[in-house]
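Subject: Handing over the protein–DNA model

Hello,

Here is the structure I promised to pass on. Please open it before reading my notes.

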Number of protein chains: 2
Amino acid sequence: MSRTHELRLIARIAQLYYGDGLKQAEISRLLHISQASISRLLARAQEEGIVRIAITAPRDTFPKTEAALRQRYGLEEAIVADCFEDREDAILSAIGAAAAHYFETTMADGEVIGISSWSASLLRMVDNIHPLKRVKAERVVQILGGIGNPSVQSHATQLTTRLAQLTGAEPMLLPAQGVAGSSAARLVMLGDSYVRATTDQFRRVTMALVGIGALQPSVMLANSGNSFTNEELQDLARRGAIGDVCLRFLDAEGRHVGGPLDERVMGMSLPELAAVPRVVAVAGGERKARPCTARCSAASSTCWSSTASPPSA
Amino acid sequence: MSRTHELRLIARIAQLYYGDGLKQAEISRLLHISQASISRLLARAQEEGIVRIAITAPRDTFPKTEAALRQRYGLEEAIVADCFEDREDAILSAIGAAAAHYFETTMADGEVIGISSWSASLLRMVDNIHPLKRVKAERVVQILGGIGNPSVQSHATQLTTRLAQLTGAEPMLLPAQGVAGSSAARLVMLGDSYVRATTDQFRRVTMALVGIGALQPSVMLANSGNSFTNEELQDLARRGAIGDVCLRFLDAEGRHVGGPLDERVMGMSLPELAAVPRVVAVAGGERKARPCTARCSAASSTCWSSTASPPSA
DNA sequence: TCCCGCACTGAATAATTATTCACAGTAGAA
DNA sequence: TTCTACTGTGAATAATTATTCAGTGCGGGA
């Protein structure tokens, strides 16, 4: 019937538009049909299934997993990177590169970047960042104090400084230990004007970069000297904590596992973190799987994970 | 390396754009990438083959054949209609419907339509046209005289009148025989003021509807009484004529086969026809295949054909 | 080292496309 | 028949997308 003729016309238009790359106005002239009708018929071409658009995922890319992560944890964006070996270092490479690409691609002019220390992933990410040419961050703020051991302390400092260099920003260091000996000691540190200058920037942070720590097999915590006593760690574990972000511990549901420890940590608090427009969490490896769950459940924006084996659909 | 990350990003954007129907501006906000970059990355998505657009021809539709016709004969548009039986009448139905759809879909407001008589296809087309609602033609001009036999003469008149009604236009009849007895007789007819009024409109014709006649097994010519003598027809054939448009005969290459006959035909001449912005030729059936070749080679804009069997690729 | 020329970016803007609007026509209900 | 709701149209316009432009960095040849 006339249906055939109409479909023929639609297909013809679709061919001219998608196939031959003509503008709607050109088709309009050629076929003596108004541009508005061409536009409407092209819309129908999709409905009728005459044109179909197929998107094929590039190799080593996992859109389904990413979508599942976004969906499940309400993330604005999730990026999954693949890794062919199960070595810790290979995994760090993979997420470092992925995170760096995201960062470079995504950082806007004039951002105030908050960066947590104590994270091998962040270290790797920064290692992989090329100097930003186009845009400059306003400043890079260290949002977690360093570590007791001075040599590791300087690691944290370097992380912040390095990122500031790369982004052309002013570094704002947090010249204090990440974990004070006591609540009182922390208050004393807060009296320091440099410390205050930095913590005052917390509210201005526009993008926070954080790692996700595992409570159980934790390299960082092990290296932290005796910031935390074994007793404290066991207490945390007993109360369900499985990981941390900025040394704020979380249970499997992403609930904050508080306690006296919180009073000793010199860094951004969870509510402060939640107030940051964009929180970028970087983590990888099987060790981090459960903590990721926790962290994601909380309030983040972005998250990387990298597994040694191809993730399941 | 970074290629993977870039492709991942492109695929992500493509999914958001084509799959989820987001605007580029929304994606821009979501992914923290400028709209200009989104646009550019979407373009790359096509180049990289991440998005592919497939156009599937509806059933009973022959885009390849149509393209070949357009290509080969330089037509602006070609429409092929299918027909399941080989009966003459079924073929006429098919092209009538197709041509009517084209006409309805395509006629603009205020056109001056020229219509040839002597064509069963045009008859059928007009039969299939629904009254035009939206637009009105200015006038419908008969561009070929009627036929000797008065009853058939009135056919031509009705064709023109009918189309004028359907398009809300003023009919301009050509009250004269299509083939005068002699060159002199034609000149006499041209003296008639009604005839002149109509022929004066020829130059204003904006869309000409013509059939394509076959010289050899010609129903119309047979019915024409003795407008042409057998001798004349044989002479035409000898000189290579295989078909006609508006009783202007053409050879297999589309060249005009002139002669004294031309001086007796009361209708639009080939040069006049060529000057019309849009010439729509309607023909179908195997009988018309060779004449189509001729006609197409000439100078037309549009052409239908309908074959009983599915056309080859 | 200094200078092209190329490549790439975001903002501004041009170009293109989708939608609104006003108006008919049509079908179905009253 | 008359009304109303709905459909479909092109012109005008709003919205969206592509491109230009100006600026910057990089690479490599002089």
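The notes below take the two DNA strands in turn.

One caveat: this is a predicted model. Please read every distance here as computed from that prediction.

**DNA strand D**

I began with strand D. There are 14 residues around DNA strand D. Those that come nearest are Ser34(A), Ser37(A), Arg40(A), Gln24(B) and Ser39(B).

Which part of the strand faces the protein? Of the atoms of DNA strand D within 4 Å of the protein, 63% belong to sugar or phosphate. The rest belong to bases.

Three side chains reach phosphate oxygens of this strand. Ser37(A) places a polar side-chain atom 2.5 Å from one. For Ser39(B), the distance from a polar side-chain atom to a phosphate oxygen of DNA strand D is 2.8 Å. For Tyr17(B), an N or O atom of the side chain is 2.9 Å from a phosphate oxygen. Two elements give two or more residues to the surface near DNA strand D: helix H3 (35-47) of chain A and helix H3 (35-47) of chain B. H3(B) gives the most, with four residues.

By class, the surface near DNA strand D has six charged, five polar and three nonpolar residues.

**DNA strand C**

Strand C comes next. Around DNA strand C there are 14 residues. Gln24(A), Ser39(A), Ser34(B), Ser37(B) and Arg40(B) come nearest. Of the atoms of DNA strand C that come within 4 Å of the protein, 64% are sugar and phosphate.

Phosphate contacts come from both chains. In chain A, a polar side-chain atom of Gln24(A) lies 2.6 Å from a phosphate oxygen of DNA strand C. In chain B, Ser34(B) has a polar side-chain atom 2.8 Å from a phosphate oxygen of the strand.

What does Arg40(B) approach on DNA strand C, a phosphate oxygen or a base nitrogen? A base nitrogen: a polar side-chain atom of Arg40(B) lies 2.7 Å from it. The elements giving two or more residues to the surface near DNA strand C are H3 of chain A and H3 of chain B. H3(A) gives the most here, with four residues.

The classes near DNA strand C are three nonpolar, five polar and six charged residues.

**Where to look**

For strand D, start at H3(B), which gives the most to the surface near it. For strand C, start at H3(A), which gives the most there. Then turn to Arg40(B) and the base nitrogen of DNA strand C.

Best wishes

How values were computed. Residues numbered from 1 in each chain as written. Chains lettered and ligands numbered in written order. Predicted model: local features only at pLDDT ≥ 70, side-chain atom pairs only at ≥ 80, totals over all residues. Heavy atoms only, no water. Near = heavy atom within 4 Å. Polar contact = N/O pair within 3.5 Å; in protein donor to acceptor, adjacent residues only side chain to side chain. Nonpolar A, V, L, I, M, F, W, Y, C, P; charged D, E, K, R; others polar.
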